[in-house]
Amino acid sequence: MSLETNLLAKAKRHAAFRLCDVSNYTSEILEIQADAPSLHVLFVPGNPGVIFFYKDFVEYLYELLGGTASVTAIGHVSQTKKNWEHGRLFSLHEQIDHKIDFIREELKNTEIPIVLIGHSIGSYIAIEMFKRSLDKVKYCIGLYPFLALNPHSKKQLLIGKIAESRIISAALSCLIASLGLLPVWALRFIVRNSVGKSWSANAVEAVCSHLSQYHTMKNVLYMAMTEFSEFSEAPDWTFIVERKAQFAFLFGDDDYWAPLQVLEEISEQVPGIVTAIEQENHTHSFCCTEAGSLWVAQHVANLIKNQTFK
């Protein structure tokens, strides 16, 4: 039996969910605490930043690291099941500050090395967290990293136009939230037979429980708007060059959020940095399927095992 087949069939240790107060903001956390960890893996989601999309990934990664690491995933502020922040909108920079505050408040007594993993815009957030937590963070992995605008992507352009329009983003959020008024079984049926035909049960539930909330969709679109504004500037190549041995990036073969042009630019700006291209057709939304979550977890586990943390 192959490792992939074995892990898919194996009963995983389940990630525990809890609410956490980070700088007075109610935050959603998924975590698996190891008994005697040698490092702590902190995962930052993309946008949407609903951590339940990544439940399979978190659990597979813990198993593949053999219980040697605690694994924590932190969701974005106000992209939550309940409207804890009463409709307040949070920008990209506010989400970055939130994640840095989590390290300062929740992991302040952690003496073992911290490994940051970011997906999509979470990769950008992880880099910023690394820059401001040099004493704790020892390694940073970007998965399908959204680090720059893609001028060749019509889909990206369309999303940018929707996000920058208050009227359109509010109307779209209302439309999606109206689906949340349906009975749970009906909403689940719609999701499974539209966007989620091949999705895992956890991904379908994440849509039904979180993305059908008005405050969550408004925050998803508002954060996207601020992302597009931020990316008028180039990434901080100087920092990545200085720490290139502590970075690794995974790109997709056909990904309009993290196109191969960005991989080429990283390789040109930072010669010798560790990069890879996923060609298994798991796509940018790898976390929506069990197979995608497992493949990426295997890749990440191998990267971590190849590192020597002092």
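Leaving aside neighbours within four places in sequence, F249 touches I127, G142, P145, L147, I266, I273, V274, T275 and A276, where contact means heavy atoms within 4.5 Å. This is a predicted model, in which local features need pLDDT of at least 70, side-chain atom pairs count only at pLDDT 80 or more, and totals for chains, interfaces and linings use all residues. Residues are numbered from 1 along each chain as its sequence is written, and side-chain values use heavy atoms, with hydrogens and water left out.

**Surroundings of F249**
- F249 lies in strand β7 (residues 247-252); strands are DSSP runs (E, at least two residues) and helices likewise (H or I, at least four), numbered from the N terminus.
- The relative accessible area of F249 is 2%, so this residue is buried (under 20%; exposed is over 50%, partly exposed in between, with a 1.4 Å probe and protein chains only).
- Between F249 and D35 there are 29 Å in space, C-alpha to C-alpha, and the two are 214 residues apart in sequence.

**Packing of α2 and α12**
- Helix α2 (residues 55-64) packs against helix α12 (residues 290-305) at about 40 degrees, with axes 8 Å apart.
- The pair is therefore oblique (neither under 35 degrees, over 145, nor 65 to 115).
- Residues making the contact include F57, Y60 and L61 of α2 and L294, A297 and A301 of α12.

**Annotated segment**
- The unreviewed UniProt entry lists residues 167-191 as "transmembrane region"; such annotations may be inferred rather than shown by experiment.
- Over residues 167-191 the chain is 84% helix and 0% strand, and the end C-alpha atoms lie 25 Å apart.

Terms used
Axes are lines fitted to C-alpha atoms, for helices over the stretch in contact, and angles run from 0 to 180 degrees between N-to-C directions.
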